[in-house]
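Biologist: I would like to go through this model with you. Let us take the overall fold, then helix packing, then the aromatic rings.

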Amino acid sequence: MGLLGFVAIWGLGRWRGWGGRWFGLAVGWWAILMIGHLPMQGQSPFARITGGDFRAWAVFGLLAAAVLAYRAGLRGLRKHKAEEVAPAAPSGTFREAELDRYARHIMLREIGGAGQKRLKAAKVLVVGAGGLGAPALLYLAGSGVGTIGVIDDDVVEGSNLQRQVIHTDQRIGMPKVFSAEIAMRALNPFIEVRPFNRKLTEENAAALVADFDLVLDGTDDFDTRYLVNRACVAAGVPLISGAITQWEGQLGVFDPARGGPCYACVFPVKPAAGLVPSCAEAGVAAPLPGIIGAMMAMEAVKHLTGAGETLSGRLMIHDALYADTRVIGVKRRPDCVVCGGH
């Protein structure tokens, strides 16, 4: 019964999405077993039900501690080894491993070696490491964007894993920016990741955005979206903004510094409370954030390399339930309170 208790705790932790937090309960159960089998208590009813004796459970605890210590040490060595895989290279040059990694990009005439160098030199900030940020961050890392910043003050929860593919069950309870950093570095050790474990506010937005070449906004509240837009307009930094709910997503590129509209030109008034429910309130189909988030990364790659035509001046609306995508034209508003000269 004693061993079955450990199995039950582990199984409950997996079922409830506790991540590594089940370990504390397992240590508590072991301590209870040790106390229940103390020699001075004799053969108590608890000891008879759970089985074993004091020495057996003590040896079991020591062996478990040794295994966990070995596992933690092995993880540390692997992390150290991964960091050594990517030694510093001169700016603008590629290692042999990078040339092999980005070969499919370099083969595209619209990107080529020059475009890949622009990606390597670029600095992109992603606001939000949730449903939209997760796929966008992974594809930016895979594409070879040299510096990727990510800002979010949330932690990974079990309910996130249905759609936020950058996180894992083992990282439940970890700040999302650090979980995303682990995934991005594991995917591409040749990039720099800058995690900002904080909320974007009026006080820090301007300075943070001004340090990047491009911003991707994947947040799910309008106050933050308008804040990101104001900071991007003030800094002259292009903004790629995505949004999702239930089965529908939308995506636009807002770049008033180059003649396009800003986010407030297209959405001048924030919707009334409850009119546009969040994913937590209304639900969302799991692949939808992947679709829109990957498109956000695609728009970023096109903008940074000069390939093709971006969605600047256009708004894409995707209805996943009926497999329908529409693109409508949007214009800059002369009377916009953010970018219209006020």
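Biologist: What share of the 342 residues of the protein chain counts as buried?

Modeller: This is a predicted model. Residues count as buried under 20% relative accessible area. Of the 342 residues in the chain, the share that meets this is 43%.

Biologist: How many helices and strands does the protein chain have?

Modeller: Contacts first. Among those between residues at least 6 apart in sequence, 63% join residues at least 24 apart. As for the elements, the protein chain has 14 helices and 8 strands.

Biologist: Are H8 and H9 roughly parallel or roughly antiparallel?

Modeller: H8 covers residues 133-143 and H9 covers residues 176-187. Their axes lie 9 Å apart, at an angle of about 30 degrees. Angles under 35 degrees count as roughly parallel. So H8 and H9 are roughly parallel.

Biologist: Which residues of H9 make the contact with H8?

Modeller: H8 passes H9 in a right-handed crossing. On the H8 side, the contact uses Leu-137, Leu-138, Ala-141 and Gly-142. On the H9 side, the residues are Ala-180, Ala-183, Met-184 and Leu-187.

Biologist: Now the rings. Is the pair of Phe-254 and Tyr-263 stacked or edge-to-face?

Modeller: The structure holds 4 aromatic pairs. In the pair of Phe-254 and Tyr-263, the centres are 5.6 Å apart and the planes are 80 degrees apart. Planes over 60 degrees apart count as edge-to-face. Therefore the pair of Phe-254 and Tyr-263 is edge-to-face.

Biologist: Is Tyr-263 buried or exposed?

Modeller: Its partner Phe-254 has a relative accessible area of 2%, so Phe-254 is buried. Tyr-263 also has a value of 2%. That is under the 20% cut-off, so Tyr-263 is buried.

Biologist: Tyr-263 also pairs with Phe-267. How does Phe-267 count at 22% relative accessibility?

Modeller: The pair of Tyr-263 and Phe-267 is tilted, at 5.0 Å centre to centre and 40 degrees between the planes. Buried needs under 20%, and exposed needs over 50%. At 22%, Phe-267 therefore counts as partly exposed.

Biologist: Which residues form the one aromatic cluster?

Modeller: Phe-254 pairs with Tyr-263. Tyr-263 pairs with Phe-267. With Tyr-226 included, the cluster is Tyr-226, Phe-254, Tyr-263 and Phe-267.

Biologist: Which ring does Arg-225 lie over?

Modeller: Arg-225 is 4.6 Å from the ring centre. The cut-off for a charge over a ring is 6 Å. The ring is that of Phe-222.

Conventions:
Residues numbered from 1 in each chain as written. Predicted model: local features only at pLDDT ≥ 70, side-chain atom pairs only at ≥ 80, totals over all residues. Heavy atoms only, no water. Phe/Tyr/Trp six-rings, centres within 6.5 Å; stacked < 30°, edge-to-face > 60°. Buried < 20%, exposed > 50% of the residue type's maximum accessible area, 1.4 Å probe, protein only. Lys NZ or Arg CZ within 6 Å of the ring centre and 35° of its normal. Axes fitted to C-alpha atoms, helices over the stretch in contact; angles between N-to-C directions. Helix = DSSP H or I, 4+ residues; strand = E, 2+ residues; numbered from the N terminus. Parallel < 35°, antiparallel > 145°, perpendicular 65-115°, else oblique. Left-handed = near helix turned anticlockwise from the far one by under 90°. Contact = heavy atoms within 4.5 Å.
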